[in-house]
Structure formats: structure tokens, C-alpha cells
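Visitor: Could you take me in for a close look at a single part of this structure, and then connect that part to what lies around it? I would enjoy one long walk-through.

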Amino acid sequence: MDVISVLTEIPGLLVVTWVLLGLAIYAGYRQNWQLRSVAADGGYLSGLGFESEKPTGLFRWLTTVDHKDIGVLYVVFATGAALWGATDAMMIRTELFTAGTDVWSAETYNALFTTHGLTMLFFFVTPAFTGLANYFIPILVGADDMSFPRINAIAFWLLPPAFFLVRGGLITEVMGKMLASVGVHWELLFSLRPPTIGWTLYAPRSIIVTNPQVDLVLLGLHLSGLATIMASINIIVTIFTERDEGVTWANLDIFSWTLLTTSGIVLFAFPVLGSALLMLIADRNFGTTFFAVDGGGPILWQHLFWFFGHPEVYILVLPAFGLVSLILPKFAGRKLFGFKFIVYSTLAIGVLSFGVWAHHMFSTGMDPRLRASFMAVSLAIAIPSAVKTFNWMATLWGGNVRWATPQIFCVGGIMTFIVGGVTGVFLASIPVDLVLHDTYYVVGHFHFIVMGVITFAAFAASYYWFPLLTGRMFNRRLGRIHGYLSIVGVFVAFMPMILIGYGGLPRRSASYPGVFEALQQVSTFGAVIIGIGALIWLTNLVQSYRLGPIVTDADVWNLRESGQFSREWQWFETQLEERTKFRR
């Protein structure tokens with residue numbers, strides 16, 4: 001099936017989502033007119049004037065509709081998923097330390113990189129940024145809560161079962177062995193094996209594999225997509241309808257702008273993925289031929305998947321850009337340089353992201369004229385990304401830079417983004433991509449973005465808002481150590497992959513020629529450095545949450561000096577004052 005026919009099918013997949021979005025925005029305005037006094041925890045009932053008390057203990061977290069509680073749940077869930085996905089990564093690097101398959105079998109290796117990719121993309125990065133959006137967007141725009149608190153809660157509670165379905169092969173095996181140890185043997189639990197089809201789920205392999213766990217993976221991904229769409233609609237409606245009178249489009253903060261754009265991308269991209277997943281399930285179970293040669297063909301899957309898959313990269317990276325744009329000026333002593341241009345570049349990325357998907361398919365034999373058009377758009381999307389980079393540099397230039405932990409991660413993220421972005425520009429060129437396609441060069445490029453600026457921005461936010469979230473301060477020295485270790489670790493881990501890719505080594509193989517062993521060992525050493533840094537981060541934040549110095553002054557980062565004591569910190573100051581009055 002050619003690209004033109006795919007393009008004619010895609011709009012139909014999006015109509016329902018956008019109709020629902022329009023109804024949601026309308027409902028949000030109606031809610032603003034009729035329920036101005038909605039409680040922060042959703043405790044009011046429509047048209048009534050009483051408030052229900054928020055429960056305590058575990059029952060509170062299971063039933064809460066408070067945007068702050070749900071934000072915390074998202075972040076905790078994402079942290080757990082990240083640690084599990086990172087364990088997969090360390091197991092992968094352990095196998096690749098030597099040229100042969102000496103530690104894990106090839107099947108286990110295939111399962112590891114499949115679950116690693118799915119876990120990190122769908123259950124770490126997106127939930128982490130959605131959690132920050134849930135907690136801070138209502139505060140930043142002056143809203144009491146998200147527009148639809150109960151839908152907000154449902155969106156989160158769809159994620160744990162989705163995660164269970166995707167990771168079920170390993171979980172069910174452990175459960176089966178536990179039951180077998182007490183004399184109960186359930187064959188079904190042993191028939192579900194971790195998927196080995198790769199995180200891109202390419203047909204026809206994803207169709208012919210008989211492992212029933214693949215069907216559960218597809219259902220889990222579909223469920224997570226529904227959760228992401230629900231959360232995105234809530235974010236869009238909240239920003240459109242719940243803004244305080246003093247918050248206009250002109251002074252809306254940059255983090256809210258990026259989450260608004262990201263949510264718009266979600267509403268275009270995720271319905272296509274959901275439709276493709278349902279077609280794949282039908283091919284596997286009901287004899288349809290959507291991705292068979294007699295039907296749409298295996299290339300149809302690639303078109304549909306990458307129509308979602310490349311915008312997904314920007315769904316992951318735009319919130320990170322927003323965090324860097326928000327945090328970097330705070331420690332540079334200056335306002336963000338070129339605020340409007342960063343907003344415009346964010347919107348431009350949101351639009352252009354849907355015109356680059358086929359650069360993943362240059363080697364499939366598609367029409368050269370279409371390849372050229374996708375190459376042009378893929379090169380063009382580097383321009384708004386470069387605008388952001390130069391504006392960040394201009395913000396730092398001549399500023400009073402303070403090397404606090406959040407700033408270390410922001411600057412480190414810019415460094416890794418430059419490397420990841422430039423290597424991506426080369427992959428946008430057809431002749432270069434034909435040589436480097438599916439080599440370790442692609443792995444290195446992608447991880448400079450995902451493990452670089454995206455994860456670094458998440459770390460920066462975790463340190464920057466930690467005093468606000470917990471009321472305590474973290475160990476600043478350990479934070480700086482974590483920052484420097486992470487920067488070194490990313491370059492040591494992924495720069496060798498760029499060199500290995502230039503050598504032509506294909507990715508996704510448990511064994512490789514011995515000539516690449518030294519570089520693979522350097523890469524594994526870099527992964528260990530990143531892992532040590534992550535353990536320092538986890539230990540620091542957990543211990544600081546328990547025993548860290550209690551915050552008594554909301555201006556923990558001295559933001560008043562540069563006039564950047566923003567809305568969330570003003571809210572935090574109010575909370576501290578109320579606590580002080582209560583103690584008195």
C-alpha cells in the first residue's frame with residue numbers, strides 16, 4: 001500500500017477523537033459557568049453546596065480525584081516503570097559485554113529489548129510528564145483542579161493494568177512458579193512468555209508468533225493509549241477553559257504551552273496507533289488480512305506505526321523542552337530569551353512532526369519522489385529545534401549562572417540534545433540513512449535524546465520541585481554528583497554506539513563480531529555510570545523525603561532576586577503560611 005492511500009485513511013481515524021475534544025471543551029466552558037465553586041479534590045456534587053471530606057490512608061490514594069494526588073501517583077508509577085525498564089537495559093548491556101551469547105539466550109535478549117523499549121516509551125516518559133502536568137498546570141494557570149477530575153483519575157488507573165498486560169510474560173511466570181511451589185499448577189501462566197518481536201511490533205513477525213502474550217501486549221498498549229488520550233483531552237480543556245483571569249495566551253507559561261502542544265499531537269497520533277493495534281489483533285486472531293500480502297501488506301503496518309511513532313518522539317521531548325525553558329532561566333538570573341519564538345517553534349514542531357514519519361522507511365523501496373519530500377520535512381524540523389537551542393544559549397549568555405543541580409541537568413540536556421539532534425539530521429538524508437539504517441548509529445542517536453535531554457529534564461524537574469512537593473530539601477552535594485555522573489555516563493555509553501554504527505554493526509542482535517567488543521565494553525561501562533547515578537538520585541530523594549531539612553522559606557532557589565518567583569512557588573508560599581498559622 002502506498003503513502004497516498006494511507007493518508008486518505010488516516011483522517012477517518014481521527015474524526016471521533018476531535019469531535020470528543022470539541023464536546024469536552026464545550027463541557028469545560030459549561031462547567032466554568034455553572035460550577036465555579038468546584039472543590040480542589042472534586043468533592044462537590046453538581047448543583048449542590050456541600051463538600052465531602054477527603055479520606056485518609058491507602059483509601060485516599062485509591063479513590064482520590066485531586067489533581068495533586070493524581071500527579072504524585074503518575075510520578076511514582078513512572079519511577080517504578082523506569083527502574084524496571086532500566087533493569088532491562090542493564091541486562092542487555094551485560095549480554096553485550098562479550099561478543100557471544102554468554103549470559104542470556106538470544107530469545108531472552110530479544111525479549112529484553114522488546115520490553116525495555118515498550119516500558120520506557122509508554123510507561124516511563126509519558127506518565128512522568130503527565131504527572132508533572134497534572135500537579136502543576138492547574139496551579140500555573142490558576143485553576144482549582146483539572147477540568148474533569150474523575151476522568152483524570154480513570155486515565156491514571158488504566159495504566160497499572162496496561163503495564164501488567166505488557167509485562168505479563170515475566171510476571172505470570174513468577175506467579176506460576178510461586179503457585180507450583182505450593183502444589184498448584186496453572187498451565188496458562190507458563191504459556192505466556194515475554195514477547196520477542198521488538199518494540200516496533202513489525203508485521204509479519206508480530207502476526208505469526210504464536211505466543212499468546214503478544215495479544216496481551218497489544219491490548220495493554222491499546223489501553224495505555226486510551227489513558228493517554230483521556231489525560232491529553234483533560235490538559236487541553238483545562239488550559240482552554242480553567243485559566244484565571246490574569247492568565248492570558250500572551251503570558252501563559254512555557255511549560256503549559258509545551259504540554260498543550262504535546263496533547264494536541266497525542267490526539268492526532270494515538271488514535272492511529274490504537275486502530276493499527278486492533279487491526280493487528282484481528283489479523284492474529286480472526287483471520288483478517290490487514291497486514292498480509294493479500295491485504296494491505298506489511299508496509300501498511302510501518303506506515304501506521306510510524307505515523308504515530310515519530311510524533312511520539314515529540315510527545316516525549318516537547319515536555320522536556322518546556323521544562324528546560326522553564327528551569328534554565330531561573331538559575332541564569334535572566335528571563336527566557338525569545339519567549340515568543342520558543343512558543344512558535346513548539347507549535348511548528350507539533351505541525352511538522354506529522355510530515356516526517358516515512359524517514360524511518362527510506363530503505364523499504366518507496367517512491368523516490370516521496371522519499372525526497374519526507375527528507376525535506378525531516379531536515380526542516382531541525383530548524384525550530386535549533387531555535388530553542390540558540391535561545392537557551394542566549395539565555396545563559398551574560399547571565400548570573402548558578403550551578404545548582406537542576407541547572408546542571410538542564411545544561412547537560414542541551415549538550416546531549418545537540419549531539420542527538422545533529423546525528424538525527426544525518427539520518428534525515430536519504431543516502432546516509434540507507435547506509436546507517438538499523439545500525440547502532442540509530443540506537444546512539446535515539447538515546448542521546450531519550451536518555452539525554454528527556455531524562456535529564458525529568459531529573460531537573462525532580463530536584464527543582466522537590467522542596468515544593470515534599471516540604472523538605474535534598475542533599476545538594478549528592479545532587480551535583482548525580483548530575484555530573486549522568487552527563488559523563490551518557491557520553492561514555494552512547495558515543496561508542498555512534499562509532500559502532502559507522503562500522504556497520506546491525507542493532508538488535510545478542511552476538512556480534514569480536515572487533516566491536518572493546519567499544520561495546522566501553523558502552524556498558526557508561527551504562528554502569530548512569531546506573532550508579534540513578535541509585536544516588538533514588539537514595540538522595542527517599543532519604544531527603546524522610547529526614548531532609550524542613551523548608552521554611554518558599555524562595556528556596558532565590559528566585560525573587562531575578563523577578564522569577566513564579567505562580568507555583570507563590571502557591572507554595574501560601575501553603576507554608578497556612579501551615580505556620582495552624583501550628584500556632
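Guide: Happily, and let us begin at V209, a residue in the loop between α9 (205-208) and α10 (213-241). Please keep in mind that this is a predicted model. Is V209 buried or exposed? Its relative accessible area is 17%, and because burial here means under 20%, V209 counts as buried. Setting aside residues up to four places away in sequence, V209 touches I197, V214 and R284. For a sense of distance, take F129, which is 80 residues from V209 along the chain: the C-alpha atoms of the two are separated by 34 Å.

Residue 129 falls within the span of helix α4 (residues 106-141), so let us visit that helix next, together with its partner α3 (residues 67-95). The axes of α3 and α4 come within 7 Å and cross at roughly 155°. An angle over 145 degrees counts as roughly antiparallel, and α3 and α4 are therefore roughly antiparallel to each other. Their crossing is left-handed. Sorted by class, the residues in the contact of α3 with α4 are 24 nonpolar, nine polar and three charged.

Helix α4 also leads us to the interior. The largest nonpolar core has 168 residues, and its largest share, 20 residues, comes from α4. Which residues have the most contacts inside this core? They are I454, W465, W557 and W569. W569 is a good one to zoom in on: leaving out residues up to four places away in sequence, W569 touches Y464, W465, L468, A554, V556, W557 and L559. Two of the names from the core, W465 and W557, appear again in that list.

Now for a group of helices that share a partner, α16 (residues 405-427). Helix α12 (residues 298-327) packs with α16 at an angle of about 130°, with the axes 10 Å apart. These two helices are therefore oblique to each other, and their crossing is left-handed. On the α12 side the contact is made by F321, V324 and I327, and on the α16 side by P406, Q407, C410, I414 and F417. By class, that contact has seven nonpolar residues, one polar and no charged ones.

Helix α15 packs with α16 too, at an angle of about 150° and with the axes 11 Å apart. That makes α15 roughly antiparallel to α16, and α15 passes α16 in a left-handed crossing. Here A382, S385, T389, W392, M393 and L396 in α15 meet Q407, V411, I414, F417, I418 and V425 in α16. The class count for this contact is nine nonpolar, three polar and no charged residues. Q407, I414 and F417 of α16 take part in the contact with α12 and also in the contact with α15.

One residue of this contact deserves a pause. T389 sits in helix α15 (residues 382-396) and, at 7% relative accessibility, counts as buried. Apart from neighbours within four places in sequence, T389 is in contact with I414, F417 and I418.

Our last stop is H445, in helix α18 (residues 440-464). With a relative accessible area of 17%, H445 is buried. Neighbours within four places in sequence aside, H445 is in contact with G420, T423, G424, L427 and I498.

How values were computed
Residues numbered from 1 in each chain as written. Predicted model: local features only at pLDDT ≥ 70, side-chain atom pairs only at ≥ 80, totals over all residues. Heavy atoms only, no water. Axes fitted to C-alpha atoms, helices over the stretch in contact; angles between N-to-C directions. Helix = DSSP H or I, 4+ residues; strand = E, 2+ residues; numbered from the N terminus. Parallel < 35°, antiparallel > 145°, perpendicular 65-115°, else oblique. Left-handed = near helix turned anticlockwise from the far one by under 90°. Nonpolar A, V, L, I, M, F, W, Y, C, P; charged D, E, K, R; others polar. Core = buried A, V, L, I, M, F, W, Y, C linked by side-chain atoms within 4.5 Å. Buried < 20%, exposed > 50% of the residue type's maximum accessible area, 1.4 Å probe, protein only. Contact = heavy atoms within 4.5 Å.
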